[in-house]
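User: I have a structure open and have not looked at it before. Can you take me through it?

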Amino acid sequence: MRRTAVGVLSLSTFAAAGWLTATPAAANPAGTGLVISEAYVNGGSAGATYQNKFVELYNPTASAIPLAGDSLQYRAPASTVTPIGSQVFALSGSVPAHGHFLIQLPGNGANGAVLPDADLTTGTSVNPGAAGGTLYVAAGTTGVLPTDAAVIDKIGYGTSNSPEGTAPSGNSVVLSYQRAASGVDSDNNAADFSVSSPTPENSGTTGGGGGDEPEDLTIAQIQGTGDTSPYVDKSVRTTGVVTAAYPTGGFNGFFLETPGPDTTPGASDGIFVFGSISAAQVAVGDSVQVTGKVAEFQGETEITSPAVTGLAAPLPAVTPRAALVRPRHRRREGGPRGRARRAAGHLHRLRQLRRQPLRVVHAGRR
């Protein structure tokens with residue numbers, strides 16, 4: 001659900017203000033309205049990355065979006081009533097064009113680092129629970145149900161009883177819910193959000209929903225020829241063919257490879273895309289576009305917080321580079337990222353891919 005900024009009207013009614021806010025709409029994949037781009041709901045707890053919880057907004061449009069007259073609201077996961085009192089906070093200020101807006105919420109304690117300068121602080125108001133609930137921005141400063149037409153955008157997470165589509169899960173003291181870098185809103189929270197290390201960004205930061213504006217690159221460019229990717233912590237967009245997918249079983253992701261023969265000796269043409277939700281959306285042989293953030297895990301390059309879109313025209317087939325890859329360990333999403341990943345181990349050896357591009361061939365399926 002979105003609020004969109006519309007330019008100055010010639011009508012005298014709006015001439016003084018210069019703004020008109022459109023009626024909140026349903027899914028808006030084009031990215032033309034205000035969205036919640038990140039929610040960190042474990043701030044201040046033992047082991048937390050930050051002392052405070054926070055909600056980050058993102059404006060993908062070319063004009064600032066004013067927040068005066070709007071509110072941030074939270075409803076507990078099992079509640080069926082309208083939020084009141086401290087769970088409704090009147091907003092102010094504006095979200096700059098192609099920019100973020102950081103709202104600092106209460107914390108559970110004094111553990112963790114101080115947030116970057118927040119654009120707005122709620123004091124003791126709007127204190128979301130870690131287990132679940134629904135956070136939403138609404139037109140108006142009084143409480144409304146999360147299903148009300150006044151809701152501009154929302155995220156229902158964990159045990160929420162009112163998400164957009166399906167509720168994502170997996171938040172922790174070191175993991176926040178983050179919208180894909182493209183800022184796309186499909187009205188399915190589980191598809192639009194994934195968990196990753198918190199990246200609070202205030203109005204001084206521009207770029208996509210959960211980070212910087214994605215750069216269009218080939219897989220080989222993302223991988224690079226060194227020990228680490230030259231695009232770590234950057235948002236990228238690439239295309240390829242799905243050669244293996246693991247939506248269940250603990251591996252939580254899929255392999256993406258550049259089609260055709262190897263034309264980039266010394267750089268890998270394959271990469272692992274980490275995200276069980278995205279893995280469930282693809283099948284082996286699909287031609288897809290992936291947008292996400294580049295990360296290094298145990299010395300291997302991968303794309304995290306992915307947004308996956310099917311291509312209208314299929315890509316050529318991948319030319320096999322025969323090698324055997326046997327998944328040996330389980331990998332889990334959720335929980336403290338570092339500990340879970342160390343315990344889970346990696347699914348594949350991308351250093352081999354980086355030095356000698358491969359086609360994944362599973363044991364027993366040569």
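Analyst: This is a predicted model. One place to start is an open sheet of 6 strands, ordered E10-E9-E4-E3-E13-E14, in which the pairing is mixed.

User: Which strands stand at the edges?

Analyst: E10 and E14. Each has a single partner strand, so one side of each is left without a neighbour in the sheet.

User: How do E3 and E13 pair?

Analyst: They pair in the antiparallel sense, over 2 bridges, with E13 covering residues 176–179. Glutamate 38 has glutamine 178, in E13, as its bridge partner.

User: Zoom out for a second. How many helices and strands does the protein chain have?

Analyst: The secondary structure comes to 6 helices and 22 strands. The protein chain has 366 residues, and 51% of them count as buried. About 14,500 Å² is exposed, with carbon and sulfur atoms supplying 53% of that area.

User: And the contacts, what part comes from residues 24 or more positions apart?

Analyst: Among contacts with a separation of 6 or more, such residues account for 66%.

User: Next topic, the inside. How many residues are in the largest nonpolar core?

Analyst: It has 27 residues, and Leu57, Leu72, Leu91 and Leu135 are those with the most contacts inside it. Strands that each supply at least two of its residues include E3 (35–40), E4 (54–59), E6 (70–75) and E11 (132–139). The largest share, 3 residues, comes from E12.

User: Is there another core apart from that one, and which residues are in it?

Analyst: There is another core of 16 residues, and Leu217, Tyr231, Val273 and Val282 are among them.

User: Back to Leu72. What is leucine 72 in contact with?

Analyst: Leaving aside neighbours within four places in sequence, the contacts of leucine 72 include Val55, Val88, Phe89, Leu91, Ile103 and Val137. Gln87 is also one of them.

User: What about glutamine 73, buried or exposed?

Analyst: Glutamine 73 is buried, because its relative accessible area is 0%. Its place is in strand E6. A polar atom of its side chain lies 3.0 Å from the backbone nitrogen of valine 144. Not counting residues up to four places away in sequence, glutamine 73 also touches Pro83, Gln87, Thr134 and Gly143, among others.

User: And where is glycine 123?

Analyst: Glycine 123 is in the loop between strand E10 (120–121) and E11. With a relative accessible area of 42%, glycine 123 is partly exposed. Beyond four places in sequence, glycine 123 is in contact with Leu105 and Pro106. Its C-alpha atom is 7.9 Å from that of glutamine 104, 19 residues apart along the chain.

User: Last thing, the rings. How many aromatic pairs are there?

Analyst: A search of the whole structure finds 6. One of them joins tyrosine 40 and tyrosine 50, edge-to-face, at 6.3 Å centre to centre and with 85° between the planes.

User: What does that pair tie together?

Analyst: Tyrosine 40 lies in strand E3 and tyrosine 50 in the loop between E3 and E4, so the pair ties together parts that are 10 residues apart in sequence. Both tyrosines, 40 and 50, are buried.

User: How is tyrosine 50 placed relative to phenylalanine 54?

Analyst: Their ring centres are 6.4 Å apart and the planes are at 85°, so that pair is edge-to-face. Phenylalanine 54 counts as buried, at 0% relative accessibility, and tyrosine 50 does so at 15%. Tyr40, Tyr50 and Phe54 are linked into a cluster by ring pairs.

Conventions: Residues are numbered from 1 along each chain as its sequence is written. This is a predicted model: local features need pLDDT of at least 70, side-chain atom pairs count only at pLDDT 80 or more; totals for chains, interfaces and linings use all residues. Side-chain values use heavy atoms; hydrogens and water are left out. A nonpolar core is a set of buried Ala, Val, Leu, Ile, Met, Phe, Trp, Tyr and Cys residues joined through side-chain atoms within 4.5 Å. Buried means under 20% relative accessible area, exposed over 50%, partly exposed in between (1.4 Å probe, protein chains only). Helices (H or I, at least four residues) and strands (E, at least two) are DSSP runs, numbered from the N terminus. Contact means heavy atoms within 4.5 Å. A polar contact is a pair of N or O atoms within 3.5 Å; within protein, one must be able to donate a hydrogen and the other to accept it, and residues adjacent in sequence count only if both atoms are side-chain atoms. Accessible areas come from the Shrake-Rupley method with a 1.4 Å probe; for residues, only the protein chains shown count as cover. Two strands pair if DSSP finds at least two bridges between them. Rings of Phe, Tyr and Trp (its six-membered ring) pair if their centres lie within 6.5 Å; planes under 30 degrees apart count as stacked, over 60 as edge-to-face and the rest as tilted.
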